[in-house]
Amino acid sequence: MVSRSLIEKAVREVIDEVIEVRRTLHRYPELAHTEVRTTALLTEALAAHGISARVRSPSRTGLVAEVGDSGPLVAWRADLDALPIQEPPAKAYASENPGVMHACGHDAHAAIGLGVAAVLTKLGPLPGRVRLIFQHSEEALPSGAAEMLEEGVLDGVQGIAALHVDATLESGRVGVKAGAITSSTDRVRIVLQGPGGHTARPHLTADLLFAAGKVLAELPALLSRKVDPRLPFSLTFGTIRGGKAENVIPTEVVMAGTCRTPDPGAREILPDLVRSLTEQIVAPLGAVAQTIWQPVLPPVYNDPATVDNIRGYLAHLLGAEAVVGTFTSLGAEDFSYYLNRVPGLMMRLGTMTEDDRRDLHSAWFQIDEDCLEVGVKVGVASLLGLLSEPIVD
């Protein structure tokens with residue numbers, strides 16, 4: 001058994017370090033597969049608490065550490081990479097790496113992971129072992145999760161937990177949900193081809209840019225009449241490329257985007273529907289369509305039994321009012337790879353600030369730093385729950 005007062009004392013002892021590490025990581029963000037400085041900083045910080053860490057992954061930027069000597073093994077995952085976004089110099093610790101920013105909170109995740117590891121060393125002998133996985137490349141492909149799994153980071157692990165910052169949730173709260181908490185994401189690439197021609201005579205050829213516009217406008221609307229409206233999904237295009245001269249109708253136009261859904265049934269039927277409907281849209285215009293569908297990530301599916309267990313631990317340590325329900329996002333997260341191997345859950349950590357320009361992946365994204373203390377407590381409570389170690393008053 002572990003007393004709540006002991007946990008709170010240990011968190012107070014490490015929280016200043018957690019804040020400082022988060023600010024340092026925020027100041028020096030690194031993109032996927034290049035998190036060398038990040039990994040080195042965390043390795044040094046862990047060593048100061050008597051925790052040895054080893055680098056894993058082909059890019060040598062993923063990090064694994066363990067706390068505890070024997071018994072059942074559970075895991076906590078944090079991610080490390082930043083995004084190719086230019087941050088405005090709004091804070092004293094704003095990014096000093098041009099064009100790179102921690103706009104998704106991975107700096108907070110990494111610092112919280114350090115705090116969780118440090119607190120665990122202060123709780124006395126644990127009834128098992130905790131593996132801390134500091135994962136590179138969550139934001140890019142190849143996925144850091146897939147690479148870490150190939151390195152065997154889940155070998156022997158019986159349960160895993162993680163959190164993600166949530167700018168729509170009040171600081172001090174943690175969102176918990178059984179089942180799908182994120183969606184699958186698949187890459188969709190549509191290639192339109194035709195003979196090309198002169199813009200003065202579009203009637204003599206296949207006007208591919210016009211055809212692309214039809215696909216953009218009509219495909220989502222047609223899908224809404226072909227898919228059960230009770231099944232959530234989103235098909236959205238992010239890029240269109242075609243043509244080099246204003247008076248030439250191109251021979252090829254390429255459209256690329258993503259299709260997202262938390263529902264496995266919808267994910268199964270959408271590829272064929274998109275192919276068929278796209279062909280029907282462009283056929284009257286004389287264009288030929290090829291649809292390339294690339295599965296990327298499955299949904300993050302929280303194990304219901306694990307959620308029920310951890311919810312009680314969170315309420316005991318944080319207070320029942322701090323533990324709230326949350327939504328299923330159309331975003332995606334490669335933590336889903338871990339949950340396809342072992343039961344576990346991902347939670348949402350409230351980070352809301354007064355700034356209304358705070359969405360994830362925004363150049364203005366910031367967190368309320370009070371969330372860091374809550375995040376460390378969430379991690380410790382979750383891991384004790386996975387180890388079935390009671391928290392007592």
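## An aromatic pair and two charges over rings

Phenylalanine 335 and tyrosine 338 are both buried. Keep in mind that this is a predicted model. Search the whole structure for aromatic pairs and you get 1. It is made by phenylalanine 335 and tyrosine 338, with ring centres 5.6 Å apart and planes at 35°, so the pair is tilted. For an angle to count as tilted, it has to fall between the stacked cut-off of under 30 degrees and the edge-to-face cut-off of over 60.

Two arginines also sit over aromatic rings. Arginine 37 puts its charged end over the ring of tyrosine 28, at 3.7 Å from the ring centre. Arginine 348 does something of the kind with phenylalanine 327, lying over the face of the ring at 4.1 Å from its centre.

## The largest pocket

How much space lies in the largest pocket? About 880 Å³. The pocket is lined by 30 residues, and the closest to its centre are Glu139, Arg260, Gly331, Ala332 and His361. By type, the lining splits into 12 nonpolar, 9 polar and 9 charged residues.

Several strands pitch in. At least two lining residues apiece come from β6 (157-166), β9 (184-193), β13 (252-261), β14 (288-297) and β17 (344-350). The largest share belongs to β6, which gives 3 residues.

Back to one of those central residues: alanine 332 sits in the loop between β16 (323-325) and α8 (336-339). With 26% relative accessibility, alanine 332 counts as partly exposed. Its C-alpha is 22 Å from that of arginine 173, a residue 159 positions away along the chain.

## Helix α9 and what follows

Helix α9 covers residues 370-386, 17 in total, and runs 25 Å from first C-alpha to last, close to the 24 Å expected at 1.5 Å a residue. Is α9 mostly enclosed or mostly open to the outside? Of its 17 residues, 15 are buried, so α9 is largely enclosed by the rest of the structure.

After α9 comes serine 388, with a positive phi near 60°. That is a positive value in a residue other than glycine. Serine 388 belongs to the loop between α9 and β18 (391-392), and at 55% relative accessibility it counts as exposed.

## Other backbone oddities

Histidine 33 is another non-glycine residue with a positive phi, of about 70°. You'll find histidine 33 in the loop between α1 (4-27) and α2 (36-47). Its relative accessibility is 24%, so histidine 33 counts as partly exposed.

There is a cis peptide bond to look at as well: it joins leucine 141 and proline 142, with omega at about 0°. Proline 142 is in the loop between β5 (129-135) and α4 (144-150).

## A buried leucine and an exposed glycine

Leucine 219 is part of helix α5 (residues 208-223). At 0% relative accessibility, leucine 219 counts as buried. Which residue 55 positions away in sequence has its C-alpha 7.5 Å from that of leucine 219? That would be valine 274.

Glycine 238 is in strand β11 (residues 234-241). Its relative accessibility of 66% is over the 50% cut-off, so glycine 238 counts as exposed. Between glycine 238 and methionine 255 there are 7.8 Å, C-alpha to C-alpha, and the two are 17 residues apart in sequence.

Key
Residues numbered from 1 in each chain as written. Predicted model: local features only at pLDDT ≥ 70, side-chain atom pairs only at ≥ 80, totals over all residues. Heavy atoms only, no water. 1 Å grid on protein atoms, 1.4 Å probe; cavity = no way out; pocket = protein on both sides within 12 Å on 5 of 7 lines; lining within 4 Å. Points joined across faces, edges and corners; volume = space filled by probe spheres on them. Helix = DSSP H or I, 4+ residues; strand = E, 2+ residues; numbered from the N terminus. Nonpolar A, V, L, I, M, F, W, Y, C, P; charged D, E, K, R; others polar. Expected span 1.5 Å × (residues − 1). Buried < 20%, exposed > 50% of the residue type's maximum accessible area, 1.4 Å probe, protein only. Phe/Tyr/Trp six-rings, centres within 6.5 Å; stacked < 30°, edge-to-face > 60°. Lys NZ or Arg CZ within 6 Å of the ring centre and 35° of its normal.
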